[in-house]
Amino acid sequence: MNGLAGLPTLARFALRRDRIMISAWVLALAVTAYASVDAARKLYPTAASRLAIAAGASASKVTTAMYGPASDVGTLGGLATWKLNALGAVLVAVMSIAIVVRHTRGDEDAGRTELIGAGAVGRSATMGAGLVTAMTAALAVGLASAAALTGGGLPGGASLAFGLGLTAAGWVFAALTAVVAQIAGSARATMAGMAGLLGLAYIMRAVGDTAPPSSPLTVLSALSPIGWSERVRPFGPLNWWELAIPLAVTAVAAGAAVALSAGRDLGEGLLPARRGRPTAGASLAGPFGLAWRLQRGTLAAWAAGFAVYGLFIGALADSVATLVGNSASARHLFAELGGHQGLTNAFLAASMGIMGVLAAVYAISAVLRLRSEESAGRAEAVLATRVSRIRLALTHLLFALAGPVLLLALVGLAAGLVHAARDGGGAARVGEVLASALVQVPAVWVLAGLALALDGLLPRLTALAWAGLVGCLLLGELGSLLGLSHWALDLSAFSHVPKLPGAAFSPTPLAWLAAAAAVMVAAGLTGLRRRDVG
């Protein structure tokens with residue numbers, strides 16, 4: 001039988017399964033692209049103002065490392081897509097990785113691949129369906145983003161080049177994920193491997209972009225899939241031929257994945273699995289030890305990422321005034337986002353707000369780990385012992401509530417220490433930045449509570465927890481730019497967080513957020529106690 005027999009049918013089925021998630025990704029990135037053009041036009045209406053911010057951005061290596069070179073920021077299109085070049089490529093890569101893992105290792109671990117393979121289906125068809133789905137989603141994101149930029153008034157050809165750059169990044173990481181899925185032994189191992197590859201690609205781009213022109217390190221940017229997207233330079237001297245590199249890598253990696261899939265057993269990876277201990281250790285004697293074993297790797301990876309990002313925030317805080325330049329509109333926007341007239345304090349407050357949203361991503365995933373254990377049938381085995389449903393849920397909930405505290409404390413300490421070292425603020429400055437991070441915790445708990453409430457009351461709709469997070473992100477990032485009314489902005493839990501440092505602190509909103517989180521947690525636990533398992 002042909003190894004790809006049944007691919008069209010499986011691809012249609014995979015697209016149907018992911019239609020809502022893909023639509024959300026496409027809409028979110030397209031709206032962000034359109035809002036970026038509108039904001040750039042309002043904040044920097046003249047060529048002189050854009051050239052000023054380009055000069056300031058080019059002078060800051062920290063900014064270049066985070067967002068890429070500011071070579072084309074002097075144009076409206078270059079300014080509007082500056083941050084989206086690298087960060088947009090990362091987001092599309094994350095989407096592609098998640099889709100391919102779900103339809104390859106995810107289905108294989110759950111036993112669905114074996115069931116489907118019992119029919120007239122080729123050995124590589126399920127992997128091919130995942131690749132087709134991820135590549136279709138990346139193409140949809142690219143075309144929608146190009147249409148949004150064109151609708152915002154940017155040239156159509158350059159907008160299409162930008163969108164295809166995002167698509168190329170998604171295709172490369174989709175194909176690489178298919179390869180890693182053949183090597184790794186599980187969905188978790190595949191996700192961990194791809195997270196490492198994505199982080200390595202971003203670091204290579206950052207090092208290559210910030211290296212002196214004469215340094216051999218500049219080649220690292222040319223070797224990074226994230227760097228390939230920005231090297232297209234849609235709003236500078238357009239380099240269409242740069243898209244040939246990711247297309248070639250995608251084709252080679254996809255072919256390698258098909259070849260590798262023919263040489264391994266179903267349910268196994270090409271790398272032999274490490275043998276476990278013949279008997280469980282004392283830490284696995286109870287449900288908390290099991291939850292710790294399941295959650296510790298993810299928590300450690302998130303903690304490392306937050307600490308590194310905190311160093312970037314602290315280093316960038318003192319140069320924000322240079323980046324904003326003389327634009328009164330931009331200064332007003334930073335003050336509005338940060339809640340204080342001081343640009344540095346406003347930047348720190350806005351940055352910690354973003355980190356709060358990212359901490360909520362971890363919190364929701366920690367809660368939904370309980371759901372994945374139930375769906376895979378492993379929770380039922382635990383509940384067959386003397387462990388109650390509430391006790392099992394609380395062990396995972398502990399990580400969802402305490403984990404964000406650790407993550408935000410790390411980013412606050414890292415940013416505070418670097419910022420204090422640069423401006424001489426001492427311990428007081430560290431405390432201010434740490435407080436601006438920790439006040440995000442109650443809002444994060446609200447989203448964790450929402451995830452648990454959905455799991456307990458409406459388990460088939462647990463994915464709506466991610467919709468709530470996306471809503472908070474869009475309201476926080478785009479609400480002010482789009483001129484939304486106060487009642488709309490207040491729908492986000494993060495809109496009620498005090499904008500520290502600098503703004504007046506009131507514990508009342510935080511208390512209300514904590515109370516709302518407690519109510520949702522109670523509702524979720526009640527639902528878990530009463531509904532059927534599975």
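Q: In this predicted model, a salt bridge is a side-chain nitrogen of Lys or Arg within 4 Å of a carboxyl oxygen of Asp or Glu; which residues are linked in a network of salt bridges?
A: Let's start with that cut-off of 4 Å between nitrogen and carboxyl oxygen. Under it, two arginines and two acidic residues join up in a network. The linked residues are Arg 371, Glu 374, Asp 455 and Arg 531.

Q: How many salt bridges does the count come to?
A: The same kind of pair is what gets counted here, a nitrogen of Lys or Arg with a carboxyl oxygen of Asp or Glu. One of them pairs Arg 429 with Glu 432. The count comes to 11.

Q: How many residues apart in sequence are the parts that Arg 102 and Asp 18 tie together?
A: The side chains of Arg 102 and Asp 18 meet in a salt bridge, with N to O at 2.2 Å. Arg 102 belongs to helix α5 (residues 76-110), while Asp 18 sits in the loop between α1 (7-17) and α2 (19-43), so the parts tied together are apart in sequence by 84 residues.

Q: Is Asp 18 buried or exposed?
A: Its partner in the salt bridge is Arg 102, and Arg 102 is partly exposed at a relative accessible area of 34%. For Asp 18 the relative accessible area is 0%, and buried means under 20%. Asp 18 is therefore buried.

Q: In which helix do Glu 373 and Arg 369 both lie?
A: These two form a salt bridge, their closest N and O atoms being 3.4 Å apart. Glu 373 is buried at 7% relative accessible area, and Arg 369 also counts as buried, at 15%. They are four residues apart, about one turn of the helix, and that helix is α16 (residues 343-375).

Q: What separates the closest N and O atoms of Arg 429 and Glu 432?
A: Both residues lie in helix α19 (residues 426-438), three residues apart, or about one turn. Glu 432 counts as partly exposed, at 36% relative accessibility. The closest N and O atoms of this salt bridge are separated by 3.0 Å.

Q: Which residues touch Tyr 34, not counting those up to four places away in sequence?
A: Tyr 34 is found in helix α2 and counts as partly exposed at 42% relative accessibility. Its C-alpha atom is 5.8 Å from that of Gly 152, although the two are 118 residues apart along the chain. The residues that touch Tyr 34 are Ala 148, Gly 151 and Gly 152.

Q: Which residues are in contact with Ser 261, leaving aside neighbours within four places in sequence?
A: Ser 261 is found in helix α12 (residues 244-261). Ser 261 is buried, with a relative accessible area of 6%. Its contacts are Arg 123, Ser 124, Met 127 and Gln 182.

Q: What is the radius of gyration of the protein?
A: Overall, the secondary structure comes to 23 helices and zero strands. For 534 residues the globule rule gives 24 Å, and the protein comes close to it, so it is as compact as a globular protein of that length; its radius of gyration is 24 Å.

Q: Of contacts between residues at least 6 apart in sequence, what percentage join residues at least 24 apart?
A: Arg 102 and Asp 18 already gave us a link between parts 84 residues apart. Across the protein, among contacts between residues at least 6 apart, the percentage that join residues at least 24 apart is 76%.

Key:
Residues numbered from 1 in each chain as written. Predicted model: local features only at pLDDT ≥ 70, side-chain atom pairs only at ≥ 80, totals over all residues. Heavy atoms only, no water. Helix = DSSP H or I, 4+ residues; strand = E, 2+ residues; numbered from the N terminus. Rg over C-alpha atoms; globule rule 2.2 N^0.38 Å. Contact = heavy atoms within 4.5 Å. Buried < 20%, exposed > 50% of the residue type's maximum accessible area, 1.4 Å probe, protein only.
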